[in-house]
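User: I am new to protein structures and would like a close look at one part of this one. Please take me through the sheet and what packs on it.

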Amino acid sequence: MAMRPDEFYDHAIAAADDEHRLPLARMTGWEISPFEPDGLRVVPLRPPVLPEPARHGEDPADCDTCRDRDEGIWFNERWRLIRIPGVGVPLVLMLLPRDHHDMEDLPDELAAELGLLSTRIARHVQALPNISRAHVYRFGDGGAHLHVWFFARPEGQAQLFGSWLIAWDDLLPEYPSDVADADADAVVDALVASHGGHRLSDPGDSLPA
């Protein structure tokens, strides 16, 4: 059984200094870290907050993601794919169920399709010229509506390997949107061919129910 919140906090604080600051992460010494360890400080570790604050969309009636169920670059009856604008890496996509589900209550048939879709989207992102890897993330702490991220890691940028990619994305200047749009279009074309579904390419197009 996992530690209780108070036990976990006490365990962590035992390794902290008098200001409740833990030592710098080993990750800050990695070659791919965007930060030099000198001058960095860890923020004080705060005590647990219980009960945890509600995530956005815990009540489906208040879920913005549900209201946007017909927005995106690719759809089928159950899923939609969107492109996230204003990022620093070449392409960031997000896959969401069109109905209100999180990972723990995802019906088996949608869970099976999530596996296929995630694999196919990652495959199509990695097939883009000058892209070496598609990173796939699911966090879920901010929103109660399931959303899976796909980050395209640019070829040759060895500092952007691995778990620091999200930090680098936030540091890099905004990637040209026209280039990202063209690459997103290529992913959608490949996804329609591999998985079916529908591209909303014309304002008069109708979406699957």
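Analyst: Trp79 stands opposite Pro97, which belongs to strand 3. That pair comes from a predicted model, as does everything below. Trp79 is part of strand 2, residues 79–83. Strand 3 covers residues 92–97. The two strands run antiparallel and are paired over 5 bridges. Another facing pair here is Ile82 and Met94, with Met94 in strand 3.

Stay with strand 2 for a moment. How many of its residues are buried? The count is 5 of 5, so strand 2 is mostly covered by the under-20% cut-off for relative accessible area. Now split the strand by face. In a regular strand, side chains alternate between the two faces of the sheet. On one side of strand 2 are Trp79, Leu81 and Arg83. On the other are Arg80 and Ile82. All of these are buried, and both faces of the strand are covered.

Strand 2 also pairs with strand 1. These two run antiparallel and are joined by 2 bridges. Trp74 is placed opposite Leu81 of strand 2. The link between strand 1 and strand 2 is a hairpin through 3 residues.

Next, go to the other neighbour of strand 3. Strand 3 and strand 5 are antiparallel, with 4 bridges between them. Val92 has Phe151 of strand 5 as its bridge partner. Strand 5 spans residues 148–154. It is mostly covered, with 6 of its 7 residues buried.

Strand 5 then leads to strand 4, residues 131–137. Here 6 bridges join the two, again in the antiparallel sense. Ile131 faces Pro154 of strand 5. Strand 4 is mostly covered too: 5 of its 7 residues are buried.

Now put the strands together. What is their order in the sheet? It is 1-2-3-5-4, in an open sheet of 5 strands with antiparallel pairing. Strand 1 (74–75) and strand 4 stand at the edges, and each has a single partner strand, so one side of each has no neighbour in the sheet.

Helices lie against this sheet. Helix 3, residues 108–126, lies across strand 1, strand 2, strand 3, strand 4 and strand 5. Its direction is at about 155° to strand 4. Helix 5, residues 177–195, also packs on the sheet. Helix 5 touches strand 1, strand 2 and strand 3, and its direction makes about 160° with that of strand 2.

The two helices meet each other as well. Helix 3 and helix 5 pack at about 140°, and their axes are 9 Å apart. Why is this pair called oblique? Angles over 145 degrees count as roughly antiparallel and 65 to 115 as roughly perpendicular, so a value that falls outside the named ranges is oblique. Helix 3 and helix 5 are therefore oblique to each other. Their crossing is right-handed.

Which residues make this contact? From helix 3 come Glu113, Leu116, Leu117, Arg120, Ile121, His124 and Val125. From helix 5 come Val187, Ala190, Leu191, Ser194 and His195. Sorted by class, the contact has 7 nonpolar, 3 polar and 2 charged residues.

One loop residue ties back to the start. Leu106 sits in the loop between strand 3 and helix 3. Is Leu106 buried or exposed? Its relative accessibility is 8%, so Leu106 counts as buried. Leaving out residues up to four places away in sequence, Leu106 touches Trp79, His101, Ala111, Leu114 and Leu146. Trp79 is the residue that stands opposite Pro97. Leu146 is 40 residues from Leu106 in sequence, yet their C-alpha atoms are 8.7 Å apart in space.

Finally, step back to the whole chain. It has 5 helices and 5 strands. Along the sequence they follow the pattern α-α-β-β-β-α-β-β-α-α. The chain has 209 residues, and 37% of them count as buried. Its C-alpha atoms fill a box of roughly 65 × 40 × 25 Å along the principal axes. Take the contacts between residues at least 6 apart in sequence: 60% of these join residues at least 24 apart.

Definitions and conventions: Residues numbered from 1 in each chain as written. Predicted model: local features only at pLDDT ≥ 70, side-chain atom pairs only at ≥ 80, totals over all residues. Heavy atoms only, no water. Buried < 20%, exposed > 50% of the residue type's maximum accessible area, 1.4 Å probe, protein only. Pairing = 2+ DSSP bridges. Contact = heavy atoms within 4.5 Å. Axes fitted to C-alpha atoms, helices over the stretch in contact; angles between N-to-C directions. Parallel < 35°, antiparallel > 145°, perpendicular 65-115°, else oblique. Left-handed = near helix turned anticlockwise from the far one by under 90°. Nonpolar A, V, L, I, M, F, W, Y, C, P; charged D, E, K, R; others polar.
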